[in-house]
Amino acid sequence: MPHSLAVRAPSTGQSIARVAEVLDALAARDTRGEILTAVRHFPAREAQWADLPAWTHADLAATYAAKGITRLYSHQAAAAEAVREGKNVVVVTPTASGKTLCYNLPVVNAILENSDTRALYLFPTKALAQDQLAELHDLNERLENRFGVFTYDGDTPGGARKAIRELGHIVLTNPDMLHTGILPHHTRWTRLFENLRYVVLDELHTYRGVFGSHLANVLRRLRRVARFYGRELQFICSSATIANPGELAGRLLEAEVEVLEANGAPAAEKTFVFYNPPVVNRALGIRRSYINESSRVAQEFLRHDLQTIVFANSRLHTELLLTYLQQANPHAPGGAEKIRGYRGGYLPGERREIERGLREGRIRGVVSTSALELGIDVGSLDAAVLAGYPGTIASTWQRAGRAGRRSGSSCAVLVASSAPLDQFMVRNPDYFFGNTPEHAFIQPDNLEILVNHLKCAAFELPIRPEERFGAVDVRELCARLAEAGYLHRAGEHWHWTHEAYPADTVSLRSVSSDNFVIVDITGQPEVIGEIDFTSALDMVHPKAIYLHGAQQYHVEHLDFEERKAYVKKVDCDYYTDAIRYTQVRVLDIAAQQRSPQTANAVILSEAKDLNLNPATNPSAPSYTHAHGDVLVRSQVVGFKKIKFFTNENVGAGQLELPENEMHTTAWWITLERALLESLPFSISERQSGMFGLLHALESVATLLLMCDTRDLGTSIGERPPAPGAENAEFAPLRLEDAVGANAREFFEPNLYLYDAYPGGIGFSEPLFRVHETLLRQTRELIAGCACEQGCPSCVGPAGDLAPRAKEAALAILDRLCRCGEGGASAAGLAI
Amino acid sequence: MSHQDKFARLAALKPARAEGARPAELRAPQETDALARALGAAVASNRYGEHLALRTWFSSPEFSEPAPAALEILSRTRDETASRRMRAALADPAQWLFLDTETTGLAGGTGTYAFLVGIGWWDAGGLQVEQLVLRDFTEEYSLLQELATRIAKRPVLVTFNGKSFDWPLLQSRFTMTRAIAAPRLAAHLDLLHPARALWKLRLGSVRLAELERHVLDAPRLGWRRDHDVPSALIPQFYFDYLRGGPVAPLAGVARHNQMDLRGLAALFGKINAMLADSAGEAPEAHSVDLFGLSRYLERRGEPARANAVCTRAMESGLPAAFHPLAQRDLALRARRSADYDTAAALWEKLLADPRDGLLACEQLAIHHERRSRNIERAADFARLGMRKAQLLRGQGGSPWSSAEATARAARLEEKFSARLARLEQRIAGGRRKGSASLPPAKKGKEAKRVR
């Protein structure tokens with residue numbers, strides 16, 4: 001926004017020279033040309049201007065003028081016009097391009113025209129809402145407080161809530177609060193709902209996967225309640241650059257949405273560097289610590305007096321990098337710290353102070369988790385250092401976008417870790433720079449999620465028989481809910497008949513709301529955190545070492561019934577890694593395909609066909625892949641103790657924990673016997689190769705799906721034997737069994753990638769469609785890796801696998817890709 | 001796989017209760033009006049449809065005239081106009097309406113229904129109770145319409161915990177109709193807070209059933225709750241009934257509701273009598289209740305009456321356990337009314353008290369420094385306070401003391417030691433100069449340090 005130029009420390013033209021010096025220094029270190037794998041320059045971009053819309057209220061125009069805004073960027077004007085025309089819009093813009101004006105201008109304008117108008121702003125985090133509150137307060141003060149603007153979240157004091165419900169023209173909240181605090185009590189919010197016109201959804205791209213699927217249902221409930229008060233809602237959304245903003249918005253809102261993608265904000269010239277830490281041990285594929293290297297790169301920028309933001313992927317690494325950088329940049333005696341940390345756990349006041357310090361230039365460096373990736377206004381900095389690949393292309397651009405003043409020059413450096421995704425990215429820069437960012441998927445009709453929200457909806461208003469809730473027949477589901485004791489049909493309507501408050505038992509964020517509480521019993525018992533059910537058994541099983549805030553805790557006792565883990569502070573030199581056994585059983589095949597394809601493509605949908613013999617020549621190498629419903633059973637059976645830094649295995653333990661069962665969806669590939677037998681490897685090597693292949697497949701799949709690695713699970717299991725034997729014990733293949741002398745041979749194994757959420761979250765079908773891309777990129781990942789026998793960056797650590805696992809994985813892939821050729825041409829990324 | 005199977009494995013569809021959602025026994029299908037018969041209720045109807053209604057007249061509790069003094073205390077709020085309006089409305093008992101609801105849950109929110117609304121008013125010297133009941137949710141409009149006309153006629157609501165539960169819930173129900181406006185109340189008097197102030201000390205719990213037994217002397221009134229319905233089961237009884245289960249438990253719920261309304265009306269009489277009895281003269285008054293009354297009077301801005309009642313409580317055999325609390329109240333009140341010597345005498349009695357001993361030390365140190373100007377004595381009390389705080393902090397490792405308590409003790413110790421240092425300096429200085437020169441008393445600041 002132009003106004004922000006005035007309050008910011010002046011950026012000097014000298015930054016061009018200083019950025020160049022840093023780049024030279026980095027290049028000088030790269031004697032073998034292996035470290036800087038990409039250096040891309042992006043030229044400056046001019047602003048595209050447009051006039052303030054003619055309909056802008058005179059007072060609002062004057063207010064913006066007083067803030068230094070007399071004209072708009074083209075996308076801001078386009079958004080304001082589209083909203084004025086009554087359309088739902090999604091504005092797709094990078095960080096710091098003035099997106100808040102896109103919604104504040106039309107909303108505040110509407111309030112000035114009619115003081116009854118109400119708007120609800122939804123932000124994915126409380127911090128973002130606070131940030132926007134400050135901006136709106138400023139606007140309101142200049143307008144002599146003509147409207148009420150408040151945040152309403154868990155921190156809102158009880159005494160203030162009533163006033164907010166009555167007086168808030170604009171209420172800033174988050175989806176969770178809407179879900180548990182507003183919708184179930186909508187009768188207290190009649191003032192808002194009877195006049196509600198706009199709903200702003202900021203950072204739309206964060207609503208993907210499970211969270212997005214929940215939100216879509218919360219919005220169904222919101223529209224339903226609004227309709228009860230006679231209101232149809234108009235949505236104004238903003239999103240970072242993703243491949244399918246329109247599709248995502250359309251699925252979330254279930255309405256027509258106009259997509260505005262042309263960005264009219266200016267940008268200075270910028271350099272993006274990919275930095276791969278130097279190799280220390282080529283054979284084992286071990287590189288120098290990317291944390292230390294990130295610190296070194298950041299230090300280079302700071303030494304040249306360039307204001308720098310460092311992004312780390314975990315809280316632990318944030319603290320670590322902060323320590324390094326503060327030691328290297330001691331503040332003057334009595335002076336304030338020049339390098340600060342920023343993450344979720346910090347108190348709001350402290351965060352505001354850091355944001356201000358950054359805008360005013362007093363703070364020279366900040367180390368942050370993803371907390372600063374979203375639209376919090378810290379101004380624009382000179383340099384961004386990304387310690388590790390953030391996981392998605394979209395997120396990488398968002399973080400890199402934090403560096404980029406409107407004049408001068410800026411620089412972003414991605415320092416790769418040795419994780420497969422990181423290595424794939426830095427070794428294939430064209431993939432990153434040449435591709436659109438990822439797609440965001442949601443599955444609002446996931447039955448588990450939908451039914452939970454249908455319960456909440458029934459609590460809010462009785463359900464009418466003609467109502468639609470997603471794609472599911474509401475009447476049938478209501479009848480089921482009545483049978484289970486939740487609903488009762490009175491006349492035509494279904495009423496809630498349970499004492500429990502349904503929204504309380506449904507969490508929008510985690511897989512299950514059945515969380516474990518972590519209690520520190522070192523001194524006075526104190527709750528230090530919460531952990532969702534699925535992660536709990538991996539992270540806080542008995543005798544686990546749990547890391548929290550850079551402190552190690554030993555899990556003394558896990559109370560499974562009470563959902564509590566009791567921990568004590570310890571200081572030890574190892575961490576633990578849970579051993580989880582997972583079995584997958586196919587329940588229902590949605591579609592399957594055999595490669596190479598025969599004349600008539602084999603798309604089967606009947607479960608019984610699963611066991612039919614292949615119709616083609618059985619001796620030709622081939623594979624089948626499919627997607628459908630599966631049953632996943634898993635159990636944590638033990639753990640390994642692993643030494644810090646050296647990663648040596650220093651011990652193990654057995655555990656007896658309950659087994660978990662989940663119905664979900666999966667994509668899988670069946671390696672047929674002929675293919676496996678054509679491999680010139682021992683059984684053990686072959687099996688190791690399969691595990692390595694699955695490891696790499698998972699990495700690439702998360703890349704294609706724009707999902708978290710925790711959203712996907714993997715397993716290898718025998719393809720079910722003859723029909724009728726489905727109920728026989730289906731032992732999964734374990735890595736331990738596959739390596740060494742006891743290797744048990746698999747006849748025709750299935751390699752599964754399943755959605756780690758009950759009911760599935762919609763990943764399997766896209767994987768089925770792009771499987772050729774998936775296989776091809778997996779081959780590129782493994783083949784492109786410089787290690788000899790496997791490393792964490794490709795097929796997994798060498799020590800865990802039999803020798804030649806990497807070779808075997810590649811050989812399998814070669815055959816699979818050869819099978820695929822001649823079929824449909826590579827689908828690219830058009831998922 | 002069919003959709004049926006998909007539904008079968010959803011966690012969200014797991015039965016609401018472990019034993020299954022169906023009630024154990026089902027009533028005969030022809031028994032459509034079983035509920036009306038079980039309750040002895042008639043079908044009432046208006047333009048929105050039908051619901052059940054029944055009236056029961058009780059001869060006890062008898063109507064008791066409200067005392068102006070009691071109403072004055074009960075209606076006092078910070079907003080003087082509101083207090084006046086409420087007092088005027090309360091003054092006419094013909095406008096009072098006792099109200100208590102039975103609901104499908106305690107959490108509140110839009111999905112909680114009031115399936116039975118009980119109201120009561122004084123009639124012919126006794127209590128007339130009317131109960132409106134939903135045979136099914138379709139009857140809610142008709143019930144609310146009826147309730148609205150009843151409240152319009154008697155717009156002064158008297159409830160027990162109704163300010164935070166029953167009334168907001170009913171307001172929400174009215175809003176949900178989008179057709180029937182919630183009636184406006186002239187006043188709403190909730191007895192939970194006065195009851196808590198008066199009897200929590202003695203009874204621990206101030207549930208209505210407890211108050212009946214121990215305060216209203218239920219046996220004497222001939223009230224029995226032998227087969228009373230446990231409140232926690234009420235929603236489930238109604239859900240069972242809706243699904244074709246038995247009606248008998250709901251008859252129990254209706255009786256429970258009647259008892260609660262009678263208790264509420266009687267309780268109002270009792271509170272009225274206690275507040276009207278300005279000095280706690282009533283011979284049968286329980287000493288702990290008198291102490292509770294004194295604290296309530298203090299809170300409602302009647303310090304003089306509070307003092308009188310408190311003294312009377314101590315004279316009429318207040319159990320020893322409550323003595324320190326009462327002495328502390330008296331001491332604080334004495335100090336506030338600038339009766340410093342009385343306050344000091346009371347603090348001396350409290351020196352050995354484990355709860356307030358430290359406070360007593362502090363108050364006495366202040367007293368002797370500022371009022372009696374006996375610096376040596378002030379220093380003695382500061383020294384005693386410091387020693388006590390040290391001991392308290394020393395117990396920090398024991399499993400009985402919390403981390404906060406230890407920290408608080410450390411803070412107090414520091415405060416006492418600072419005070420002592422100052423006093424000792426003055427003693428030394430005084431000796432040097434031969435006379436003590438005292439600074440003027442810093443009244444406001446010291447007063448704030450209490451607690």
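This is a short tour of a predicted model, with stops in chains A and B.

Before selecting anything, have the overall scores in mind: ipTM is 0.80 and pTM is 0.78.

**Stop 1: the sheet in chain A.** Select the strands E6-E7-E5-E8-E9-E4-E10 of chain A, listed here in their order across the sheet. You're looking at an open sheet of seven strands, paired in parallel. Now pick out residues 149–151 (E6) and 258–260 (E10) of chain A: these strands stand at the edges. Each has a single partner strand, so one of its sides has no neighbour in the sheet. Look across the strands and you'll find that neighbours are turned by 15 degrees against each other on average, ignoring direction.

**Stop 2: one pair up close.** Stay in this sheet and show residues 89–92 (E4) and 234–239 (E9) of chain A, a parallel pair held over four bridges. For one of the bridges, click A:Val92 and then its partner in E9, A:Ser239.

**Stop 3: a covered helix.** Jump to residues 393–400 of chain A, which is helix H15. Is it mostly covered or exposed? Mostly covered, with seven of the eight residues buried. Colour the buried ones: A:Ile393, A:Ala394, A:Ser395, A:Thr396, A:Gln398, A:Arg399 and A:Ala400. To see what sits over them, add strands E11 (269–275), E14 (308–312), E17 (383–387) and E18 (409–415) of chain A, plus helix H17 (429–434), which are among the covering elements.

**Stop 4: over to chain B.** Colour chain B by pLDDT; the mean is 83, and 87% of its residues reach 70 or more. Then select residues 440–451 of chain B, where pLDDT stays under 50. For this stretch the model has four contacts beyond four places in sequence.

Conventions
Residues are numbered from 1 along each chain as its sequence is written. Chains are lettered from A and ligands numbered from 1 in the order in which they are written. This is a predicted model: local features need pLDDT of at least 70, side-chain atom pairs count only at pLDDT 80 or more; totals for chains, interfaces and linings use all residues. pLDDT is the predictor's confidence in each residue, from 0 to 100. Two residues are in contact if their C-beta atoms, placed from the backbone, lie within 7 Å. A residue is buried if 20 or more other C-beta atoms lie within 10 Å of its own, exposed if 12 or fewer, and partly exposed in between; C-beta atoms are placed from the backbone. Helices (H or I, at least four residues) and strands (E, at least two) are DSSP runs, numbered from the N terminus. Two strands pair if DSSP finds at least two bridges between them. Axes are lines fitted to C-alpha atoms, for helices over the stretch in contact, and angles run from 0 to 180 degrees between N-to-C directions.
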